[in-house]
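The following report looks at one protein chain, beginning with a single helix and then turning to the chain as a whole.

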Amino acid sequence: MLSLRVDLNCDMGESFGAYELGRDEEILAYVTSANIACGFHAGDPSVMRKTVQMALEKGVAIGAHPGLPDLVGFGRRNMAISPQEAYDLTVYQIGALQAFVQAAGGTLQHVKPHGALYNMAAQDAGLSLAIAEAVYRVDPALILYGLSGSQLVLAGEQIGLRTAHEIFADRTYQPDGTLTPRTAPGALIDDPATAAAQVIRMVRDGTVRADTVCIHGDGHHALAFAGEIRKQLQEQNIVVTAAGKAL
């Protein structure tokens, strides 16, 4: 029997100017892939460079984390954008991070849209296809991360990309498989043990495809979540490895 394998990813590089967010350097000790903000919803050039360097030093695979142009709302507010606008902002942000990765001697592994852009694309076929096309045209070797079973991963597969079906450690789900809106009661999981149990269940039972598990780096318990989930996965003999090696 083949061993179960899963990628453990975290959103990071979300500080901006004088404002620091997250415990990126510590979390990098536990995750296998890093989704680095590209300056639209969070991050800035200096933060991007530093986060790329830290990830490379830790041997963590790097992905671009493009979001909506909404620093004030942290990219978590829906915007009425067209598929063409989604394509343009995705290409722009991938290109920015890719340049920092190449300048540091690394290779970009994947692209994962952020926040509202991610959730909108999960259900909107037009937006998802535009994002997938943007990724493919920049580099068809990139892996597209998206909510498991969503329009985004389906669009990626349709256009010829490798995809990683993603589950969330620190979020609850609706009956239709979408994430519970952050504004709703019980949307966020605060207990590391509860989060780890949800991850183990979803990876093992196979009812939802789980290629990669997300931890939100801006969460209050992100470091504790990363450590506990990595520990529990290893104790369950589930191999934790970057998506580029697992797919």
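## One helix and its chain

In this predicted model, the buried residues of α3 are Ala86, Leu89, Thr90, Gln93, Ile94, Leu97, Gln98 and Val101, where buried means under 20% relative accessible area, exposed over 50% and partly exposed in between, with a 1.4 Å probe and protein chains only. Seen down the axis of α3, these buried residues fall within an arc of 160°, so they line one face of the helix; the arc is that of the directions from the helix axis to the C-beta atoms. The face turned away from that buried side carries the exposed residues Tyr92, Gln102 and Ala103.

Helix α3 covers residues 83-103, helices being DSSP runs of H or I with at least four residues and strands runs of E with at least two, numbered from the N terminus. Just after α3, Gly105 takes a positive phi of about 85°.

The buried residues of α3 pack against these elements, contact meaning heavy atoms within 4.5 Å:

| Element | Residues |
|---|---|
| β2 | 33-37 |
| α2 | 45-58 |
| β3 | 61-65 |
| β4 | 108-111 |
| α4 | 115-123 |
| α5 | 125-138 |

The chain as a whole holds nine helices and eight strands, and buried residues make up 52% of its 247 residues. Its C-alpha trace spans about 40 × 40 × 35 Å along the principal axes.

Residues are numbered from 1 along each chain as its sequence is written, and side-chain values use heavy atoms, with hydrogens and water left out. Because the model is predicted, local features need pLDDT of at least 70 and side-chain atom pairs count only at pLDDT 80 or more, while totals for chains, interfaces and linings use all residues.

Definitions and conventions. Expected span 1.5 Å × (residues − 1).
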